[in-house]
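Work through the exercises below with the model open beside you. Try each task before reading its solution.

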Amino acid sequence: MSMLWIGVIAASIGAFVQKWIGYQVPPELLERPRIARITTLLPIALLGALVAVQVATSGTAIVLDARLAGLAAAVVLLILRAPFLAVVIGAAAVTALLRAAGIG
Amino acid sequence: MRPDPSPLEPVSGDAARGLGAEGGPEVADEAAEVARARRTGLSIGVATGLYGLSFGALATASGLDLWQAMVLSAVMFTGGSQFAFVGVVGGGGSAIGAALAALLLGVRNTLYGLVLTRDLPRGGLRGLARAQLTIDESAAAAATGRTPAGIRAGFWAAGIAVYVFWNLFTLVGAIAGQHIADPGAWGLDAAAAAAFLALLWPRLRRREAVAIAVAAAFVALLTTPVLPAGLPVLAAALVAVAAGMRVRTRSRGAEQQHLEEGTR
């Protein structure tokens, strides 16, 4: 078995263990008020970070391009209470059109 | 509107469900909530799954064979880690370096498990499936659930849809390789950002939540140039930890109410 295969299998098993282990924390610990509060605030922070990373970075560089226009379109659609799918497709369409036009 | 001082309504499912509603409308609300969560989850699955095309193409271009690409998508199944793995291999790095980069990026999945453990089934095959499907998208879809049933429906719909489409399109990408157009040309990278924002949006009703989201985004961008890919999101998670630690400054009443919600 090649080193590459060993790496693929070891990392894949490791990734599963990482997912599994989060569920093994005792419920009593999670029910402490401060911990409960942190775990309920975590999705907000993680989502905020994921939006920023997805829209304005490329590797380890800050890159501002047509994605920003797509995100702006998403904000407008969200304010207009558009359904989820319309928000996602709208953002993709604006970004794709700008790129087709050679902008960003 | 509930007179609730916490910004956490979407997660405190039982409290929301018991919200003064009588049996009839409550059951209808619950069904609508589950249907909404499923639709959202499925949309995320299709949009994210298409990204599998670029992963499959990149994996084979980086020197992995078709089977290695498929094992990563089927078993590792966490996009950021997979791209990191093939990125290191493609850049001439060792298999050990690739595995370490992938695991570094996978740490945030552990955090998702912490958040989700109260609402998802334990043990057995479904417990293992739950762990395997714990990724950015399923955790985000679950986070929009307003009741425990909505949380579960969002998690499973997004998790299963992403799994199916991600693996399918990895296969297509790995076979078709360089002939596949760049998903960026279709604006799919912006679509992913919009999806995360749409999932975040309903939680931004309170000023505290907005402040946390903005601060987290800021920390992520600030640390992007200095940390390896994937770690900025973890650094941003510290914002939630810091905000959660401030609980002492709140009124006793608010803390007590939160305690009740937290324990359910």
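**Exercise 1. Size up the interface.**
Find the area buried between chain B and chain A, and the share that carbon and sulfur atoms give.

*Solution.*
- Step 1. This is a predicted model, so treat every value as computed from it.
- Step 2. Chain B and chain A bury about 7,000 Å² between them. Carbon and sulfur atoms give 76% of that area.
- Step 3. Look at who contributes on chain B. B:Gln68, B:Leu114 and B:Trp201 supply 8% of the area that chain B buries against chain A. No other three residues supply more.
- Step 4. Count the residues in the contact. Chain B brings 95 residues and chain A brings 65 residues.

**Exercise 2. Find the polar links.**
State how many salt bridges join chain B and chain A, then inspect the one formed by B:Glu208.

*Solution.*
- Step 1. The count between the two chains is 2 salt bridges.
- Step 2. One pairs B:Glu208 with A:Arg37. Their closest N and O atoms are 2.6 Å apart. The cut-off is 4 Å, so this pair qualifies.
- Step 3. Now widen the search to polar contacts. Between chain B and chain A, 10 residue pairs are in polar contact, with both residues at pLDDT 80 or more.
- Step 4. Ask which element of chain B gives the most to the side that touches chain A. Helix H6 (residues 95–116) does, with 15 residues.
- Step 5. Sort that side of chain B by class. The tally is 66 nonpolar, 19 polar and 10 charged residues.

**Exercise 3. Place one serine.**
Decide whether B:Ser138 is buried or exposed, and list what surrounds it.

*Solution.*
- Step 1. Locate the residue. B:Ser138 sits in helix H8 (residues 136–143) of chain B.
- Step 2. Check its accessibility. B:Ser138 has 0% relative accessibility, so it counts as buried. The limit for buried is under 20%.
- Step 3. Set aside neighbours within four places in sequence. B:Ser138 is then in contact with B:Leu133, B:Phe155, B:Ala158 and B:Gly159.

**Exercise 4. Describe chain A.**
Give the secondary structure of chain A and the order of its elements.

*Solution.*
- Step 1. Chain A has 5 helices and 2 strands.
- Step 2. Read from the N terminus. The order in chain A is α-α-α-β-β-α-α.
- Step 3. Turn to burial. Of the 104 residues in chain A, 46% are buried.
- Step 4. Check the long-range contacts. Among contacts in chain A with a separation of 6 or more, 33% link residues 24 or more positions apart.
- Step 5. Finish with the surface. Chain A exposes about 4,700 Å², and carbon and sulfur atoms supply 74% of it.

Conventions: Residues are numbered from 1 along each chain as its sequence is written. Chains are lettered from A and ligands numbered from 1 in the order in which they are written. This is a predicted model: local features need pLDDT of at least 70, side-chain atom pairs count only at pLDDT 80 or more; totals for chains, interfaces and linings use all residues. Side-chain values use heavy atoms; hydrogens and water are left out. Contact means heavy atoms within 4.5 Å. Buried area is the accessible area (1.4 Å probe) that two parts lose on being put together, summed over both. A salt bridge is a side-chain nitrogen of Lys or Arg within 4 Å of a carboxyl oxygen of Asp or Glu. A polar contact is a pair of N or O atoms within 3.5 Å; within protein, one must be able to donate a hydrogen and the other to accept it, and residues adjacent in sequence count only if both atoms are side-chain atoms. Helices (H or I, at least four residues) and strands (E, at least two) are DSSP runs, numbered from the N terminus. Ala, Val, Leu, Ile, Met, Phe, Trp, Tyr, Cys and Pro count as nonpolar, Asp, Glu, Lys and Arg as charged, and the others, Gly among them, as polar. Buried means under 20% relative accessible area, exposed over 50%, partly exposed in between (1.4 Å probe, protein chains only). Accessible areas come from the Shrake-Rupley method with a 1.4 Å probe; for residues, only the protein chains shown count as cover.
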